[in-house]
Amino acid sequence: MSVLVYTETEDGKFKKAAFEVASYAKEVAGGDEVVAVSFNATDASELGKYGVSKVLNIQNDKLSKFNAEAYADALTQAAKKEGSKIVVVSQSANSKYVAPLLAVHLKAGYASNVMAAPESTDPFTVKRSAFTNKAFNFTKITTDVKIVGLSQNAFGLKENEGEATVEDFSPELKDEDFSVNVESVDKAKDKVTIADAEVVVSGGRGLKGPENWGMIEEMADILGAATACSKPVSDMGWRPHSEHVGQTGKPVASNLYIAVGISGAIQHLAGINAAKTKVVINNDPEAPFFKAADYGVVGDAFEIVPKLNEKLKEFKAKNA
Amino acid sequence: MKILVCISHVPDTTSKINFTDGDSKFDTNGVNFVINPNDEFGLTRAMWFKEKQGASVDVVNVGGAETEPTLRKALAIGADNAIRVNTPATDGFQVAKQLAKVAKDGGYDLIIAGRESIDYNGGMVPGMLAGILDANFINTCISLEVEGDKATAIREIDGGKETLTASLPLVIGGQKGLVEESDLKIPNMRGIMQARKKPLNVVEPDEAATHTEAVKFEKPAPKGDVKLVDPENLDELIDLLHNEAKAI
Ligand SMILES: Cc1cc2nc3c(=O)[nH]c(=O)nc-3n(C[C@H](O)[C@H](O)[C@H](O)COP(=O)(O)OP(=O)(O)OC[C@H]3O[C@@H](n4cnc5c(N)ncnc54)[C@H](O)[C@@H]3O)c2cc1C
Ligand SMILES: Nc1ncnc2c1ncn2[C@@H]1O[C@H](COP(=O)(O)O)[C@@H](O)[C@H]1O
């Protein structure tokens, strides 16, 4: 038996989520082997550090852009070749796209939004978040092959001593695998995405207008954070739609979420409840966000944020 | 064009989430059920196709009789026919299997589902449905155009978006952006009257296996009170974030 992981890359480099799914797989595998599948990775052996002993590295120009059906086909062939009974994927937009297709191909049960190592492996029961993070649901996967969709930052990274052997793998791809055609990709380069970020700095309507986002971006810069916003802010076009977080926007599962001038409406909180530590800066002590936050500062964001940025810079300089 | 919109019947977002029967069942007491918000965007987009390009729009739900008011609401918004597959929804795969049967029998060109239901947040039904049907699939759609048998969609990805094309039949997982929020259709009186006369067909389920089982639920541990930091003493905040929360 082996545990298979889909290790995502971007421009040939592994994403943090790849190391996290590998760490998780190592824990689930016990003494068994962890096999990774990577697409056009430049240095696939890096995965050894996180418990992978073998990498099936696919080098194929046709797969340079993510394509759900083609990737699902390749992963299916890898799982069959390796006789894998457990497949672990992240919950990035791409993994969430590919996992249900993979589940059908492998006749596998799939649990999404998994928050921790399995409660038990026989029966195979995992804890997942449900009701937009307002509850947890323990789900038993009853099929022979099982797919775990691991929420970002839920398990963390665990380093291991070990080496990964890298094998070339050339799945047989069919024309139909490319019947959904990716025409163009429009993606900000060199910007931390909300899904990958350890820290997310988010602004709401309390910031009054798009011209005031400089201090938010500055804080994000200092902390290596992604920027985000509440829904009205993206609705009004102050910030791009891709930054909107909440129940109808992107989910946040970062270690730290800093909300500036956001009231903390239930639909906003629904998307950020999974963030581990929450900080709110708001001039209204009655704002509902204070009930959801770990730390709060009551006061005017236009005074507090610039001061905080200076102090964060000093802190970073000392702790670099 | 024949469009099928998959409607999931979910507690509205402000609902209190509680469990009964030894934390094994969702407590529906006092809960107001609505059309899943992601499906609302899809349904309104389907109505746009109907009005602008000529299309028929059916809606479907897999669930017990208690979901019928939600289907009636979809009819009041303007769908032509509703179908209810008479079996409780137990897991994503079982629902996808039932939907696949409806989709095959109806010969639909376009199947619009939501990127996820806001109750179990599975995010699996649309992809599994496409997989079972062997139809093209585009997830997290924020824009969809159809010209003849060719669809162009924009998909939200982490940190940006992607433009994709595919031929019909196509299944999408849709969300906000498919239509503007201000354009979301709300049932009016005329729609509600007409909906009473529109067909709501109850079909019996196919045999379908489940792949997963919800064993029990748990609520997160109550959170401690927020620690307030004096705006004049922001060093304390940094200290707490560094030493206590280990977040920076
Ligand atoms: C079906 C549905 C889905 C929704 N989905 C989402 C979602 O996904 N994401 C989302 O965010 N919202 C969502 N909403 C909207 C949500 O209900 C709120 O309206 C929204 O989150 C409010 O955004 P806000 O906090 O930026 O603005 P407001 O509620 O206007 O809050 C602004 C806050 O800024 C504070 N403030 C003002 N001036 C200052 C200052 N100088 N310094 C510090 N603080 C200041 C105010 O005290 C206030 O608390 C949804 C709503 C519905 C009905
Ligand atoms: N019981 C159901 N009946 C009809 N459609 C459903 C049902 N459950 C889920 N769907 C569809 O699948 C989408 C994603 O649901 P889920 O995979 O449960 O998160 C929903 O937005 C609906 O469009």
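Reader: What makes up the contacts in chain B with a separation of 6 or more?

Author: Residues 24 or more positions apart account for 69% of them, in what is a predicted model. A contact here requires heavy atoms within 4.5 Å.

Reader: How many of the residues in chain B are called buried, and why?

Author: Of its 248 residues, 54% are buried. They are called so because their relative accessible area is under 20%. Chain B as a whole exposes about 10,800 Å², with carbon and sulfur atoms supplying 49% of that area. Its secondary structure comes to six helices and 15 strands.

Reader: Turning to ligand 1, why is the pair it forms with A:Thr248 called a polar contact?

Author: A backbone N or O atom of A:Thr248 lies 2.8 Å from an oxygen atom of the ligand. The cut-off for a pair of N or O atoms is within 3.5 Å, so this pair qualifies.

Reader: Which part of A:Asn282 and which part of A:Ala301 face ligand 1 in such pairs?

Author: For A:Asn282, an N or O atom in the side chain is 2.8 Å from a ligand oxygen atom. For A:Ala301, a backbone N or O atom lies 2.9 Å from a ligand nitrogen atom. Both distances are within 3.5 Å, so both pairs are polar contacts. Taken alone ligand 1 exposes 990 Å², and the protein buries 77% of that.

Reader: What makes up the shell around ligand 1, by class?

Author: The shell has 15 polar, six nonpolar and five charged residues. Helices H5 (231–235), H6 (266–272) and H8 (301–319) of chain A each supply at least two of the shell residues.

Note on methods: Residues numbered from 1 in each chain as written. Chains lettered and ligands numbered in written order. Predicted model: local features only at pLDDT ≥ 70, side-chain atom pairs only at ≥ 80, totals over all residues. Heavy atoms only, no water. Polar contact = N/O pair within 3.5 Å; in protein donor to acceptor, adjacent residues only side chain to side chain. Areas by Shrake-Rupley, 256 points an atom, 1.4 Å probe, with all protein chains shown as cover. Helix = DSSP H or I, 4+ residues; strand = E, 2+ residues; numbered from the N terminus. Nonpolar A, V, L, I, M, F, W, Y, C, P; charged D, E, K, R; others polar. Buried < 20%, exposed > 50% of the residue type's maximum accessible area, 1.4 Å probe, protein only.
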